[in-house]
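Grab your viewer and let's walk through this one together, chain by chain. Keep the structure open and follow along as we go.

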Amino acid sequence: MKKMTAQEVASKIIYGELLFILDVRNEEDYAKWRIEGKRVTSVNIPYFDLLDGVEHARDQLPQDERDIVVVCAKEGSSRFVAEQLEEAGLKEVYYLEGGMKTWSETIFPVKIGDLTGGGSIYQFNRIGKGCLSYLIESQGEAVVIDAGRLTDVFEQFALEKGFTIHHVLDTHLHADHISGGRALSEKVGATYYLPPRDAEEVTYSYEPLLEGETIQVGQARIRIQSLYSPGHTIGSTSFIVDDQYLLSGDILFVDSIGRPDLAGKAEDWVRDLRETLYERYSALSSELIVLPAHYSKISEMGDEGRVFAKLGELYQSNAGLQVANQEVFRKMVTDNLPPQPHAYQEVRQTNMGKMTPSAEEQREMEMGPNRCAVHDSSESRRK
Amino acid sequence: MSIKVDVQLNCQGLSCPMPILRTKKAMDHMEPGQVLELQATDPGSYADIQGWAKNTGHQYLGTKQEKDVLKHYLRKAKPSEFIAEHQHPHRIENEELARLLEQKEAPLLIDVREPAEYAFGHIPGAISMPFAQLGSRLEELPKEKRIYVICRTGNRSDMAAKEFTEHGFVDVVNVVPGMSQWDGAIDSETNG
C-alpha cells in the first residue's frame, strides 16, 4: 500500500497538478471541510458504505492513470479502503498519511517576490485552514509575521536558507488559530511585537507595535511600516513592506473583507472597518500588493499557489470595497457574518496567555475551516 | 433510563474503521429487532455510527456518554427496512424519459424484460434485450453512447445497468419506476 504525505498533496495543489481525492469520512464532516484545489476532483463515499467491498465505488473513480488519494480523519479508514481498492486491481492508489488531522497542519512556503536592494518575501500557506504567514528576509536577517501555532516550519526554513529570525510580529490578536508568534520569538530569541490595543488583557510581555513605527531588516534597510487599521479587532495593524507590499492581516482579503465581530463587537467595530477600508487604505498607493493573512476560497489562489492582488485592482473587484455608504456597509457586513470559528473564544484566551491548553487540545481547538471573512458580500449586494 | 441490550460490543481504544467494522459483523449475527450496545472511545464513532445506520436502514437509537466512553445503541433492521444495496447511481424517472422521447434524436433505450412482456407492450423504438441474454449480446451496443435501461419496476434494469457498467459502458441510466407506471405511447406486437 502506498502513502502520500500531506506535503506532497500540498505541493500538487500549489503547482496545479491533477489530483483525485476519495474522501471516506462521513458526509457531514466532508460537507464542512475538505481538501480543495484548482485541479482537485473529490468524491465522498464514507468508509462505512464500503465495508462489503469497493465494487460500487469504482464507477465514481477516474478511469485514467490519475493518482487517487484516499482520505479520512486520521488515516485508519483510508488505509482500509485503499487496501481494498488495490486488491480490486486499481494501481495508482494512495492513502493520505495522517489524514485530515495532518492536512490541517500542513504548511507550504512559496516565494512572493524580491525586495529592492536585496532580500525576499515568502508566503507560508496553511492550505487546510486558509491561513497565511509571511517571512521577510534581507541579508540573512528575517522577520516573521502572523506565525501560526506550528513554528517548526519557520525555524526549519530559516535554518535551510541561513537566515536568523530577529523579529516576530502579529497583525492582531488572532481568534481563528493559535498564534505561534510568542513561542517562536522565545525559541529563536527574537522580539515579539503585538498591537497594544489588542493586548490589553495579555499575561505576557511584548513589544508594542505603534502606528508609524518602522522595523529594519538587514543592511538593505527594508522598511516595515506599521499602519493602524482597526476593524477586525480594535488593534489591527497593517504593514507596508519596502513600499511594495501591504500586509493587511484580517482586514482585507483578495475576495472579501474581514469580519468585525470575533471579539463580540460587530456594531462597534464595523465603523472602524469601513474607515480603514475606505479612508486609510484608499489613501495608499494603488500599486501596493496586498498580502492577506487568510483566504477562504481556492479561487483566491493565483499562479504557483500565491495569494495576492494589487490594492488598486481590489478597489475594482472586491465586493467589500464597493459600498462606501456607511449604513449600507454596516448592513452588508452584519447580515453576512458566517458562523463563528470553532472554539474562537478559547483560541483568543490562549493567545492572550490566559489559557495554556495541551498540544492535543490546541490542535482540536483549530479543527475545521477558517471563518475570518465576511462571506458572499457580492451576493448580498445584488439582492 | 435502562435500555434492554441483546449484544454488547467493546471497541474501547480502537479507532476507525474498527468500531463500525465490528458493529457490522456483530449485527450480521443478530436477529431483527435486537439491540446492540457499542462501547467506543473514538469520538469519530459518534457521527460515523449514525451515518452507517442511516445508509443501511438499521435504527440508531442514541448515545450515552460515561466519562470517556461513548455507548451507542442500535436496533437491527427487519429485512423490509433495509435500504436497497448499492443501486446503480444514474437514474431518471419515467416522465424524464417521456420528455427525451419527444426530442429529435431518439434516446437509445433498452428493454430488459422477457420477450413476452415486451410483446404485449413496449415503448416505441425500445430495443428488446432480455436480462438473461445480456451477457451474450453486449457487442450489439456502442459502449461510449448513453444508454437508457428499462424493465417493469426498475429492479432488473438496475441490475442490467450495473452489468453494462461493469462491461465498460460509460454512460448507463436506469429508468424508474419503469413500464408498470408508463402512461406514454406503447407499441404492441399482438394487435395484428
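Chain B splits into two domains, with domain 1 covering 7-81 and domain 2 covering 91-181. If you take the centres over C-alpha atoms, those two domains of chain B sit 39 Å apart. Keep in mind that this is a predicted model.

Let's look at the sheet in chain B that has 4 strands. The sheet is open, the strand order is β1-β2-β4-β3 (chain B), and the pairing is mixed. At the edges you'll find β1 (7-11) and β3 (59-66) of chain B, each of which pairs on one side only. On average, neighbouring strands in this sheet are turned by 20° against each other, ignoring direction. Helix α1 of chain B, residues 18-28, packs on the sheet and touches β1 and β2 of chain B. The direction of that helix makes about 160° with that of β1(B).

For a zoom into the same sheet, pick strand β2 (residues 35-40) and strand β4 (residues 69-75) of chain B, which pair in the antiparallel sense over 6 bridges. One pairing to click on is B:E37, whose bridge partner in β4(B) is B:Y73.

Now jump to strand β9 (residues 171-176) of chain B, where B:V173 lies. Is B:V173 buried or exposed? Count the neighbours: B:V173 has 24 other C-beta atoms within 10 Å, and because the cut-off for buried is 20 or more, B:V173 counts as buried. Leaving out residues up to four places away in sequence, B:V173 touches B:H90, B:R91, B:I92, B:R146 and B:Y148. For a sense of distance, try B:G57: B:G57 and B:V173 are 116 residues apart along the chain, and their C-alpha atoms are separated by 25 Å.

Over to chain A, which is divided into domain 1 (2-103) and domain 2 (108-352). Here the domain centres, again taken over C-alpha atoms, are separated by 33 Å. How many residues of each domain of chain A are in contact with the other? Domain 1 of chain A puts in 9 residues and domain 2 of chain A puts in 8 residues. On the domain 1 side, the largest share is 4 residues, and it comes from helix α1 (residues 6-14) of chain A. By type, that side of domain 1 of chain A divides into 5 nonpolar, 2 polar and 2 charged residues.

A good strand to centre on in chain A is β5 (residues 93-96). A:V93 and A:Y95 point one way from β5 of chain A, A:Y94 and A:L96 point the other way, and all of these residues are buried. Strand β1 (residues 2-4) of chain A pairs with β5(A) in the parallel sense over 3 bridges, and A:M4 has A:L96 as its bridge partner in β5(A). Strand β4 (residues 68-71) of chain A also runs parallel to β5(A), joined by 3 bridges, with A:V70 partnered by A:Y95. To get from β4(A) to β5(A), the chain crosses through α3(A), and this β-α-β crossover is right-handed.

Last stop: the place where the two chains meet. Chain A brings 16 residues to the contact and chain B brings 14 residues. On the chain A side, the elements giving two or more residues are α2 (27-32) and α3 (76-87) of chain A. That side of chain A divides into 6 nonpolar, 4 polar and 6 charged residues.

Notes: Residues numbered from 1 in each chain as written. Chains lettered and ligands numbered in written order. Predicted model: local features only at pLDDT ≥ 70, side-chain atom pairs only at ≥ 80, totals over all residues. Contact = placed C-beta atoms within 7 Å. Nonpolar A, V, L, I, M, F, W, Y, C, P; charged D, E, K, R; others polar. Domains from an automatic or database assignment. Pairing = 2+ DSSP bridges. Axes fitted to C-alpha atoms, helices over the stretch in contact; angles between N-to-C directions. Buried ≥ 20, exposed ≤ 12 C-beta atoms within 10 Å, placed from the backbone. Right-handed = clockwise from strand over helix to strand, strands pointing away.
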